[in-house]
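Let's take a walk through this structure and look for the empty spaces inside. Have the sequence and the model open as you read.

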Amino acid sequence: MSTDRIRVVTTAPQEAQASTPPDGPSGHRPSRLPSLTGLRFPAAFMVFVFHASLPLPLVRLIADDKVEQRFGWAVGPSGAFGVTFFFVLSGFVLTWSAPGNDTAPSFWRRRFVKILPNYVVAWILAMVLYAAATPVLPALGALFMFQVWTPYFSEHLPVNPPSWSLAVEAVFYLVFPLLLAGIRSIPTDRLKYWITGTMAAVFVTPLVTYYLVPAGPHVMPGTDGTSPVHYWFAYIMPLPRVLDFALGILVARAVMLNRWRNIGMVWSGVLLAAGYVACYHVPYLYAQRAMCLIPAVTLIAAAAMADQKGGFTLFRSRAMVWLGNVSFAFYLLHFIVLAWFRKMLGVELYGTGTSLAILAGEAVVTLLASWALYSLVEGPLTRRFSRARHGG
(Lines give C-alpha, C1' and ligand atoms only; values in the text may rest on other atoms or scores of the structure.)
Protein backbone atom coordinates (compact mmCIF):
# COMPACT_ATOMS: atom_id res chain seq x y z
CA MET A 1 0.00 0.00 0.00
CA SER A 2 1.39 3.40 -0.98
CA THR A 3 2.92 5.61 1.74
CA ASP A 4 2.80 8.88 -0.18
CA ARG A 5 -0.68 9.94 0.91
CA ILE A 6 -0.46 9.67 4.67
CA ARG A 7 -1.07 12.78 6.74
CA VAL A 8 -0.03 13.37 10.33
CA VAL A 9 -0.57 16.82 11.83
CA THR A 10 2.18 17.58 14.34
CA THR A 11 1.41 21.10 15.48
CA ALA A 12 1.50 19.91 19.08
CA PRO A 13 1.87 16.14 19.34
CA GLN A 14 1.56 16.19 23.11
CA GLU A 15 -1.93 17.62 22.72
CA ALA A 16 -2.96 14.98 20.21
CA GLN A 17 -4.26 17.53 17.73
CA ALA A 18 -6.19 15.84 14.97
CA SER A 19 -8.80 16.02 12.30
CA THR A 20 -11.36 13.31 11.70
CA PRO A 21 -9.89 10.92 9.14
CA PRO A 22 -11.93 10.14 6.06
CA ASP A 23 -12.22 6.48 7.03
CA GLY A 24 -13.14 7.17 10.67
CA PRO A 25 -16.59 7.20 12.27
CA SER A 26 -19.05 9.88 11.36
CA GLY A 27 -19.58 10.99 14.98
CA HIS A 28 -17.84 13.96 16.57
CA ARG A 29 -14.21 13.46 17.53
CA PRO A 30 -12.32 16.19 19.39
CA SER A 31 -9.22 17.63 17.75
CA ARG A 32 -7.39 17.68 21.09
CA LEU A 33 -6.97 15.12 23.83
CA PRO A 34 -5.80 17.18 26.81
CA SER A 35 -5.92 14.24 29.22
CA LEU A 36 -3.32 12.40 27.14
CA THR A 37 -1.19 15.53 27.19
CA GLY A 38 -1.53 15.72 30.95
CA LEU A 39 -0.67 12.05 31.40
CA ARG A 40 2.69 12.56 29.72
CA PHE A 41 4.24 14.31 32.70
CA PRO A 42 3.52 11.62 35.32
CA ALA A 43 5.06 9.11 32.91
CA ALA A 44 8.17 11.28 32.48
CA PHE A 45 8.38 11.83 36.23
CA MET A 46 8.30 8.07 36.82
CA VAL A 47 11.45 7.81 34.70
CA PHE A 48 13.01 10.71 36.64
CA VAL A 49 12.39 8.97 39.98
CA PHE A 50 13.72 5.68 38.66
CA HIS A 51 16.99 7.24 37.50
CA ALA A 52 17.32 9.19 40.75
CA SER A 53 17.14 5.88 42.65
CA LEU A 54 19.99 4.18 40.80
CA PRO A 55 22.93 3.28 43.09
CA LEU A 56 25.41 4.80 40.65
CA PRO A 57 28.14 7.26 41.71
CA LEU A 58 26.96 9.45 38.83
CA VAL A 59 23.60 10.21 40.53
CA ARG A 60 23.46 8.65 44.03
CA LEU A 61 22.74 10.97 46.97
CA ILE A 62 21.61 8.74 49.88
CA ALA A 63 24.37 7.60 52.25
CA ASP A 64 22.44 4.82 54.01
CA ASP A 65 22.76 1.65 51.92
CA LYS A 66 19.54 0.15 53.28
CA VAL A 67 17.52 3.29 52.53
CA GLU A 68 19.07 3.47 49.08
CA GLN A 69 18.16 -0.15 48.42
CA ARG A 70 14.58 0.33 49.63
CA PHE A 71 14.21 3.43 47.49
CA GLY A 72 15.46 1.56 44.45
CA TRP A 73 13.18 -1.39 45.18
CA ALA A 74 10.09 0.81 45.62
CA VAL A 75 10.49 2.70 42.34
CA GLY A 76 12.20 -0.11 40.41
CA PRO A 77 9.36 -0.75 37.91
CA SER A 78 8.62 2.95 37.35
CA GLY A 79 11.15 3.59 34.58
CA ALA A 80 9.90 0.73 32.43
CA PHE A 81 6.30 1.80 32.99
CA GLY A 82 7.06 5.33 31.81
CA VAL A 83 8.92 4.23 28.69
CA THR A 84 6.30 1.66 27.66
CA PHE A 85 3.55 4.23 28.19
CA PHE A 86 5.32 6.66 25.86
CA PHE A 87 5.86 4.04 23.16
CA VAL A 88 2.19 3.05 23.11
CA LEU A 89 1.06 6.67 23.40
CA SER A 90 3.19 7.65 20.42
CA GLY A 91 1.42 5.18 18.12
CA PHE A 92 -1.99 6.17 19.49
CA VAL A 93 -1.54 9.94 19.11
CA LEU A 94 0.00 9.81 15.65
CA THR A 95 -2.87 7.63 14.45
CA TRP A 96 -5.49 9.86 16.05
CA SER A 97 -4.03 12.83 14.18
CA ALA A 98 -3.63 11.20 10.75
CA PRO A 99 -6.32 12.44 8.29
CA GLY A 100 -4.82 10.66 5.30
CA ASN A 101 -3.88 13.32 2.74
CA ASP A 102 -0.24 14.10 3.51
CA THR A 103 2.97 12.61 2.18
CA ALA A 104 5.27 10.39 4.17
CA PRO A 105 8.31 12.68 3.56
CA SER A 106 6.36 15.60 4.99
CA PHE A 107 5.51 13.58 8.09
CA TRP A 108 9.12 12.50 8.54
CA ARG A 109 10.37 16.07 8.16
CA ARG A 110 8.03 17.41 10.82
CA ARG A 111 8.68 14.62 13.30
CA PHE A 112 12.43 14.91 13.07
CA VAL A 113 12.25 18.70 13.27
CA LYS A 114 10.42 18.17 16.54
CA ILE A 115 12.77 15.66 18.17
CA LEU A 116 16.24 16.35 16.75
CA PRO A 117 16.86 19.93 17.98
CA ASN A 118 15.95 19.01 21.57
CA TYR A 119 17.94 15.80 21.26
CA VAL A 120 21.07 17.57 20.01
CA VAL A 121 20.82 20.32 22.64
CA ALA A 122 20.56 17.66 25.36
CA TRP A 123 23.56 15.77 23.90
CA ILE A 124 25.67 18.94 23.91
CA LEU A 125 24.65 19.81 27.48
CA ALA A 126 25.54 16.31 28.68
CA MET A 127 28.94 16.42 26.98
CA VAL A 128 29.73 19.84 28.42
CA LEU A 129 28.44 19.24 31.96
CA TYR A 130 29.59 15.71 32.77
CA ALA A 131 30.17 13.33 29.84
CA ALA A 132 33.23 14.84 28.13
CA ALA A 133 35.29 11.73 28.89
CA THR A 134 32.97 9.48 26.86
CA PRO A 135 34.95 7.64 24.14
CA VAL A 136 34.50 9.13 20.67
CA LEU A 137 32.66 6.25 18.98
CA PRO A 138 29.99 5.74 21.67
CA ALA A 139 29.54 9.52 21.93
CA LEU A 140 29.03 9.89 18.18
CA GLY A 141 26.82 6.81 18.14
CA ALA A 142 24.57 8.49 20.69
CA LEU A 143 24.52 11.74 18.72
CA PHE A 144 23.43 9.98 15.53
CA MET A 145 21.00 7.62 17.32
CA PHE A 146 22.91 4.43 16.58
CA GLN A 147 23.30 3.45 20.24
CA VAL A 148 20.31 1.10 20.33
CA TRP A 149 21.78 -1.25 17.75
CA THR A 150 24.45 -2.70 20.04
CA PRO A 151 23.90 -5.07 23.00
CA TYR A 152 26.51 -3.47 25.27
CA PHE A 153 25.70 -0.85 27.90
CA SER A 154 28.74 1.30 27.26
CA GLU A 155 27.50 1.80 23.70
CA HIS A 156 23.68 1.97 24.04
CA LEU A 157 23.57 4.11 27.20
CA PRO A 158 26.35 6.68 26.66
CA VAL A 159 26.33 10.46 27.20
CA ASN A 160 22.63 10.96 28.09
CA PRO A 161 21.29 7.48 28.98
CA PRO A 162 17.53 8.19 28.62
CA SER A 163 18.08 9.29 25.03
CA TRP A 164 18.11 5.66 23.87
CA SER A 165 14.31 5.71 23.76
CA LEU A 166 14.37 8.61 21.29
CA ALA A 167 16.56 6.51 19.01
CA VAL A 168 13.86 3.84 19.19
CA GLU A 169 11.16 6.44 18.51
CA ALA A 170 13.09 7.49 15.41
CA VAL A 171 12.62 3.96 14.06
CA PHE A 172 8.91 4.19 14.88
CA TYR A 173 8.62 7.36 12.83
CA LEU A 174 10.39 5.77 9.88
CA VAL A 175 7.97 2.83 9.75
CA PHE A 176 4.80 4.68 10.78
CA PRO A 177 3.53 5.44 7.25
CA LEU A 178 3.71 1.77 6.29
CA LEU A 179 2.26 0.57 9.60
CA LEU A 180 -0.63 3.01 9.44
CA ALA A 181 -1.43 2.13 5.85
CA GLY A 182 -1.43 -1.57 6.67
CA ILE A 183 -3.47 -1.23 9.86
CA ARG A 184 -6.03 0.97 8.13
CA SER A 185 -6.62 -1.89 5.71
CA ILE A 186 -7.57 -4.31 8.51
CA PRO A 187 -11.33 -5.00 8.51
CA THR A 188 -13.02 -3.40 11.49
CA ASP A 189 -14.24 -6.69 12.91
CA ARG A 190 -10.68 -8.07 12.81
CA LEU A 191 -9.04 -5.34 14.88
CA LYS A 192 -9.59 -7.20 18.14
CA TYR A 193 -7.63 -10.17 16.85
CA TRP A 194 -4.72 -7.99 15.78
CA ILE A 195 -4.71 -6.21 19.14
CA THR A 196 -4.75 -9.52 21.02
CA GLY A 197 -2.05 -10.98 18.79
CA THR A 198 0.21 -7.96 19.23
CA MET A 199 -0.17 -8.10 23.01
CA ALA A 200 0.62 -11.82 22.92
CA ALA A 201 3.74 -11.16 20.86
CA VAL A 202 4.99 -8.71 23.50
CA PHE A 203 4.42 -11.28 26.24
CA VAL A 204 6.23 -13.96 24.21
CA THR A 205 9.27 -11.76 23.54
CA PRO A 206 10.94 -12.40 26.95
CA LEU A 207 10.36 -16.13 26.57
CA VAL A 208 11.99 -16.11 23.13
CA THR A 209 14.82 -14.02 24.53
CA TYR A 210 15.54 -16.28 27.47
CA TYR A 211 15.48 -19.50 25.43
CA LEU A 212 16.74 -18.57 21.97
CA VAL A 213 19.06 -15.55 22.32
CA PRO A 214 22.63 -16.31 23.49
CA ALA A 215 23.12 -14.62 26.85
CA GLY A 216 26.83 -13.88 26.75
CA PRO A 217 29.19 -14.20 29.73
CA HIS A 218 27.91 -11.33 31.90
CA VAL A 219 24.88 -10.66 34.10
CA MET A 220 23.30 -7.38 35.17
CA PRO A 221 23.68 -6.56 38.88
CA GLY A 222 20.41 -6.19 40.77
CA THR A 223 18.48 -8.50 38.44
CA ASP A 224 17.58 -12.19 38.52
CA GLY A 225 20.67 -13.03 36.47
CA THR A 226 19.51 -11.39 33.23
CA SER A 227 22.36 -10.68 30.86
CA PRO A 228 22.96 -7.31 29.16
CA VAL A 229 22.39 -9.02 25.81
CA HIS A 230 18.98 -10.31 26.89
CA TYR A 231 18.05 -6.90 28.29
CA TRP A 232 19.04 -5.22 25.04
CA PHE A 233 17.17 -7.70 22.84
CA ALA A 234 13.89 -7.65 24.78
CA TYR A 235 13.79 -4.07 26.03
CA ILE A 236 16.01 -1.73 24.01
CA MET A 237 16.39 -3.09 20.48
CA PRO A 238 13.93 -1.21 18.21
CA LEU A 239 12.50 -4.17 16.31
CA PRO A 240 10.70 -5.84 19.26
CA ARG A 241 9.62 -2.44 20.60
CA VAL A 242 7.83 -1.68 17.32
CA LEU A 243 5.16 -4.02 18.72
CA ASP A 244 4.39 -1.47 21.48
CA PHE A 245 4.10 1.31 18.93
CA ALA A 246 1.94 -0.80 16.59
CA LEU A 247 -0.34 -1.64 19.51
CA GLY A 248 -0.91 2.07 20.04
CA ILE A 249 -1.91 2.40 16.38
CA LEU A 250 -4.28 -0.56 16.59
CA VAL A 251 -5.96 0.66 19.78
CA ALA A 252 -6.38 4.16 18.34
CA ARG A 253 -8.11 2.65 15.33
CA ALA A 254 -10.37 0.61 17.61
CA VAL A 255 -11.33 3.69 19.63
CA MET A 256 -11.92 5.77 16.49
CA LEU A 257 -14.14 3.09 15.01
CA ASN A 258 -16.07 2.46 18.25
CA ARG A 259 -14.56 -1.01 18.58
CA TRP A 260 -12.88 -0.56 21.97
CA ARG A 261 -14.43 -1.81 25.20
CA ASN A 262 -13.57 0.94 27.67
CA ILE A 263 -13.00 0.02 31.32
CA GLY A 264 -12.67 3.66 32.38
CA MET A 265 -9.81 5.55 33.98
CA VAL A 266 -10.46 4.37 37.53
CA TRP A 267 -10.24 0.69 36.65
CA SER A 268 -7.33 1.44 34.35
CA GLY A 269 -5.58 2.98 37.34
CA VAL A 270 -6.33 -0.13 39.39
CA LEU A 271 -4.91 -2.27 36.60
CA LEU A 272 -1.84 -0.04 36.51
CA ALA A 273 -1.27 -0.56 40.23
CA ALA A 274 -1.77 -4.31 39.85
CA GLY A 275 0.72 -4.43 36.99
CA TYR A 276 3.22 -2.47 39.08
CA VAL A 277 2.92 -4.93 41.96
CA ALA A 278 3.15 -7.88 39.57
CA CYS A 279 6.57 -6.65 38.46
CA TYR A 280 7.98 -7.86 41.79
CA HIS A 281 6.76 -11.41 41.17
CA VAL A 282 7.76 -12.15 37.56
CA PRO A 283 11.11 -12.66 35.81
CA TYR A 284 13.03 -9.45 35.18
CA LEU A 285 12.35 -9.11 31.45
CA TYR A 286 8.60 -9.51 31.98
CA ALA A 287 8.69 -6.77 34.60
CA GLN A 288 10.51 -4.46 32.21
CA ARG A 289 7.79 -4.45 29.57
CA ALA A 290 5.00 -7.02 29.53
CA MET A 291 3.50 -6.06 32.92
CA CYS A 292 3.33 -2.43 31.82
CA LEU A 293 1.67 -2.98 28.47
CA ILE A 294 -2.01 -3.67 29.14
CA PRO A 295 -2.33 -0.96 31.84
CA ALA A 296 -0.77 1.56 29.46
CA VAL A 297 -3.18 0.59 26.68
CA THR A 298 -6.32 0.74 28.82
CA LEU A 299 -5.35 4.04 30.46
CA ILE A 300 -4.55 5.75 27.15
CA ALA A 301 -7.78 4.55 25.56
CA ALA A 302 -9.83 5.52 28.62
CA ALA A 303 -8.34 9.02 28.73
CA ALA A 304 -8.97 9.54 25.02
CA MET A 305 -12.57 8.38 25.33
CA ALA A 306 -13.14 10.59 28.38
CA ASP A 307 -11.96 13.61 26.38
CA GLN A 308 -14.06 12.48 23.44
CA LYS A 309 -17.15 12.55 25.64
CA GLY A 310 -16.15 15.72 27.48
CA GLY A 311 -15.90 13.83 30.76
CA PHE A 312 -13.87 14.89 33.79
CA THR A 313 -10.34 13.62 34.30
CA LEU A 314 -7.58 14.68 36.67
CA PHE A 315 -5.18 15.25 33.81
CA ARG A 316 -6.87 17.84 31.59
CA SER A 317 -6.35 20.90 33.80
CA ARG A 318 -4.33 23.80 32.46
CA ALA A 319 -1.45 22.97 34.81
CA MET A 320 -1.32 19.31 33.77
CA VAL A 321 -1.50 20.18 30.07
CA TRP A 322 1.38 22.65 30.53
CA LEU A 323 3.41 19.99 32.30
CA GLY A 324 2.59 17.58 29.51
CA ASN A 325 3.78 20.06 26.92
CA VAL A 326 7.21 20.36 28.55
CA SER A 327 7.45 16.63 29.34
CA PHE A 328 9.53 15.76 26.26
CA ALA A 329 12.16 18.30 27.27
CA PHE A 330 11.87 17.14 30.90
CA TYR A 331 12.53 13.55 29.83
CA LEU A 332 15.61 14.54 27.83
CA LEU A 333 17.10 16.83 30.48
CA HIS A 334 16.39 15.07 33.76
CA PHE A 335 19.41 12.75 33.84
CA ILE A 336 21.68 15.62 32.85
CA VAL A 337 20.46 17.61 35.86
CA LEU A 338 20.85 14.60 38.17
CA ALA A 339 24.42 13.98 37.01
CA TRP A 340 25.36 17.66 37.02
CA PHE A 341 24.09 18.17 40.58
CA ARG A 342 26.04 15.11 41.71
CA LYS A 343 29.20 16.46 40.07
CA MET A 344 28.76 19.90 41.66
CA LEU A 345 28.17 18.38 45.11
CA GLY A 346 31.32 16.28 44.98
CA VAL A 347 31.56 12.80 46.46
CA GLU A 348 29.71 13.40 49.74
CA LEU A 349 26.57 11.37 50.40
CA TYR A 350 23.71 12.66 52.54
CA GLY A 351 21.03 11.70 55.02
CA THR A 352 17.60 10.74 53.80
CA GLY A 353 15.94 14.09 54.48
CA THR A 354 18.73 16.10 52.88
CA SER A 355 18.77 13.77 49.89
CA LEU A 356 15.04 14.17 49.35
CA ALA A 357 15.39 17.96 49.55
CA ILE A 358 18.18 17.88 46.96
CA LEU A 359 16.10 15.57 44.78
CA ALA A 360 13.18 18.01 44.95
CA GLY A 361 15.55 20.79 43.92
CA GLU A 362 16.77 18.69 41.01
CA ALA A 363 13.18 18.17 39.88
CA VAL A 364 12.50 21.91 40.01
CA VAL A 365 15.67 22.75 38.08
CA THR A 366 14.81 20.10 35.48
CA LEU A 367 11.32 21.57 35.11
CA LEU A 368 12.63 25.12 34.66
CA ALA A 369 15.23 23.96 32.14
CA SER A 370 12.54 22.01 30.30
CA TRP A 371 10.35 25.09 30.14
CA ALA A 372 13.24 27.02 28.62
CA LEU A 373 14.01 24.30 26.07
CA TYR A 374 10.35 24.00 25.12
CA SER A 375 9.87 27.77 24.84
CA LEU A 376 13.08 28.55 22.98
CA VAL A 377 13.61 25.49 20.78
CA GLU A 378 10.87 22.90 20.61
CA GLY A 379 7.82 25.17 20.55
CA PRO A 380 9.03 27.66 17.90
CA LEU A 381 10.35 24.97 15.56
CA THR A 382 7.24 22.83 15.93
CA ARG A 383 5.02 25.80 15.08
CA ARG A 384 7.24 26.71 12.15
CA PHE A 385 6.95 23.24 10.63
CA SER A 386 3.42 22.42 11.75
CA ARG A 387 1.93 22.64 8.28
CA ALA A 388 2.74 20.21 5.53
CA ARG A 389 4.35 21.68 2.44
CA HIS A 390 2.64 21.04 -0.86
CA GLY A 391 4.28 18.11 -2.50
CA GLY A 392 5.77 16.90 0.83
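A cavity here is a set of grid points where a 1.4 Å probe fits but cannot get out, and its volume is the space filled by probe spheres set on those points. Keep in mind that this is a predicted model.

So how many cavities of 30 Å³ or more does a search of the whole structure find? There are three. Let's start with the largest, which has a volume of about 290 Å³. Its lining is made up of 20 residues, and Arg40, Phe86, Glu169, Tyr173 and Phe328 are the ones that lie nearest its centre. Helices H3 (78-96), H4 (104-129), H7 (164-184) and H14 (327-345) each give at least two residues to this lining, with H3 supplying the largest share, seven residues. Sort the lining of the largest cavity by class and you get twelve nonpolar, four polar and four charged residues.

Next comes the second largest cavity, with a volume of about 60 Å³. Among the residues lining this one are Ala52, Leu61, Phe71, Leu338 and Glu362. Two helices, H2 (65-75) and H15 (352-384), are the elements that contribute two or more residues here, and the largest share, three residues, belongs to H15. By class, the lining of the second largest cavity has seven nonpolar residues, one polar and two charged.

Finally, turn to helix H9. Eight of the nine residues in this stretch, 228-236, are buried, so H9 is largely enclosed by the rest of the structure. Pro228, Trp232 and Ile236 are among the buried ones.

Key: Residues numbered from 1 in each chain as written. Predicted model: local features only at pLDDT ≥ 70, side-chain atom pairs only at ≥ 80, totals over all residues. Heavy atoms only, no water. Buried < 20%, exposed > 50% of the residue type's maximum accessible area, 1.4 Å probe, protein only. Helix = DSSP H or I, 4+ residues; strand = E, 2+ residues; numbered from the N terminus. 1 Å grid on protein atoms, 1.4 Å probe; cavity = no way out; pocket = protein on both sides within 12 Å on 5 of 7 lines; lining within 4 Å. Nonpolar A, V, L, I, M, F, W, Y, C, P; charged D, E, K, R; others polar.
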